[in-house]
Amino acid sequence: MALEIGTVVEGKVTSIAKFGAFVLLPGGKSGLVHISEIANAFVSDINEFVQVGQSVKVRILSISDDGKINLSIKRAEETAAQTPQRPARPSFRQENEPRPRQTSSSPVGEVAERSDNQEFEDKLKKFMQESDSRIADNRLYADRPRRGRKH
């Protein structure tokens with residue numbers, strides 16, 4: 001079975017980490033449900049929502065070039081809870097009306113959000129390393145005996 005972005009499939013939770021749950025998909029591939037995609041509520045402990053061996057319905061959010069598959073439990077539940085919808089009617093916007101904003105439900109928005117998060121984490125890590133280095137230097141100079149004129 002070929003996995004396609006946007007499809008809802010059933011998988012089995014194989015392991016749980018602090019940042020998400022790994023799910024075995026049909027066809028033997030594995031994907032990650034990030035902690036932010038577990039439920040609509042705040043998730044501090046993933047074990048409160050899923051357990052290893054549990055079958056879950058997941059929506060495929062993205063598949064990267066290196067084979068990593070991003071999944072969502074909460075978005076799979078949202079589509080199951082929605083009633084069938086009529087086809088969208090054509091929109092007749094005036095030229096001066098603003099265009100509707102893109103939501104973060106697109107894979108492109110998620111990639112940008114993740115890269116922003118990663119960029120922040122990298123900057124924070126660099127700051128902490130520089131801070132630790134400066135503190136160590138200050139301690140080195142503070143512990144030296146002072147040389148100066150004696151009165």
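Here a biologist and a modeller talk through a predicted model and ask how its labels are earned.

Biologist: Let's start with the overview. What makes up the protein chain in terms of helices and strands?

Modeller: The protein chain has two helices and five strands. Along the sequence, the pattern reads β-β-β-β-β-α-α. Buried residues make up 20% of the 151 residues.

Biologist: Why is Glu37 called buried?

Modeller: The cut-off for buried is under 20% relative accessible area. Glu37 has a relative accessible area of 9%, so Glu37 counts as buried.

Biologist: And how do you know whether Arg75 is buried or exposed?

Modeller: We use the cut-off of under 20% again. Arg75 comes out at 15% relative accessibility, so Arg75 is buried.

Biologist: What makes Glu37 and Arg75 a salt bridge?

Modeller: A nitrogen of the Lys or Arg side chain has to lie within 4 Å of a carboxyl oxygen of Asp or Glu. The closest N and O atoms of Glu37 and Arg75 are 3.2 Å apart, so the pair qualifies as a salt bridge. Glu37 lies in the loop between β3 (30–34) and β4, while Arg75 is in helix α1, so the pair ties together parts that are 38 residues apart in sequence.

Biologist: Let's turn to Lys74. Why does Lys74 have no salt bridge?

Modeller: The nearest side chain of opposite charge is Glu37, which is 4.6 Å away from Lys74. A salt bridge needs a distance within 4 Å, so Lys74 and Glu37 do not form one. Lys74 is buried all the same, and its place is in helix α1 (residues 74–81).

Biologist: What does the side chain of Lys74 reach?

Modeller: The side chain of Lys74 reaches the backbone oxygen of Ser36 at 3.0 Å. Lys74 also touches a run of other residues, including Glu37, Ile38, Ala39 and Asn40.

Biologist: How many salt bridges does the structure hold?

Modeller: There are three salt bridges in the structure. One of them joins Glu10 and Lys57, with the closest N and O atoms 4.0 Å apart. That pair links distant parts of the chain: Glu10 sits in strand β1 (residues 8–17) and Lys57 in strand β4 (residues 55–63), 47 residues apart.

Biologist: Why is Glu10 called partly exposed?

Modeller: Partly exposed covers the range between the buried cut-off of under 20% and the exposed cut-off of over 50%. Glu10 has 44% relative accessibility, so Glu10 belongs in that range.

Biologist: What makes Glu119 and Lys123 a salt bridge?

Modeller: The closest N and O atoms of Glu119 and Lys123 are 3.5 Å apart, and the limit is within 4 Å, so this pair is a salt bridge. The two residues are four residues apart in helix α2 (residues 107–143), which means that about one helical turn separates them.

Biologist: Why is Lys123 called exposed, when Glu119 is called partly exposed?

Modeller: Exposed means over 50%. Lys123 has 54% relative accessibility, so Lys123 counts as exposed. Glu119 has a relative accessible area of 43%, so Glu119 counts as partly exposed.

Biologist: Now for the rings. Why are Phe19 and Phe22 called an aromatic pair, and what makes it edge-to-face?

Modeller: The ring centres must lie within 6.5 Å, and planes over 60 degrees apart count as edge-to-face. Phe19 and Phe22 are 6.1 Å centre to centre with 90 degrees between the planes, so they form an edge-to-face pair. The count of aromatic pairs comes to one. Phe19 is partly exposed at 42% relative accessibility, and Phe22 is partly exposed at 28%.

Biologist: How do you know that β3 pairs with strand β5 (residues 69–72)?

Modeller: At least two bridges are needed for two strands to pair. β3 and β5 have two bridges, so they pair, and they do so in the parallel sense. Val33 stands opposite Leu71 in β5.

Biologist: And what joins β4 to β5?

Modeller: Four bridges join β4 to β5, and these strands run antiparallel. Arg59 stands opposite Ser72 in β5. In the hairpin of β4 and β5, with five residues between the strands, Gly67 takes a positive phi near 95 degrees.

Conventions:
Residues are numbered from 1 along each chain as its sequence is written. This is a predicted model: local features need pLDDT of at least 70, side-chain atom pairs count only at pLDDT 80 or more; totals for chains, interfaces and linings use all residues. Side-chain values use heavy atoms; hydrogens and water are left out. Buried means under 20% relative accessible area, exposed over 50%, partly exposed in between (1.4 Å probe, protein chains only). Lys and Arg count as positive and Asp and Glu as negative; His and the chain ends are not counted. A polar contact is a pair of N or O atoms within 3.5 Å; within protein, one must be able to donate a hydrogen and the other to accept it, and residues adjacent in sequence count only if both atoms are side-chain atoms. Contact means heavy atoms within 4.5 Å. Rings of Phe, Tyr and Trp (its six-membered ring) pair if their centres lie within 6.5 Å; planes under 30 degrees apart count as stacked, over 60 as edge-to-face and the rest as tilted. Lists of a residue's contacts leave out its neighbours within four places in sequence.
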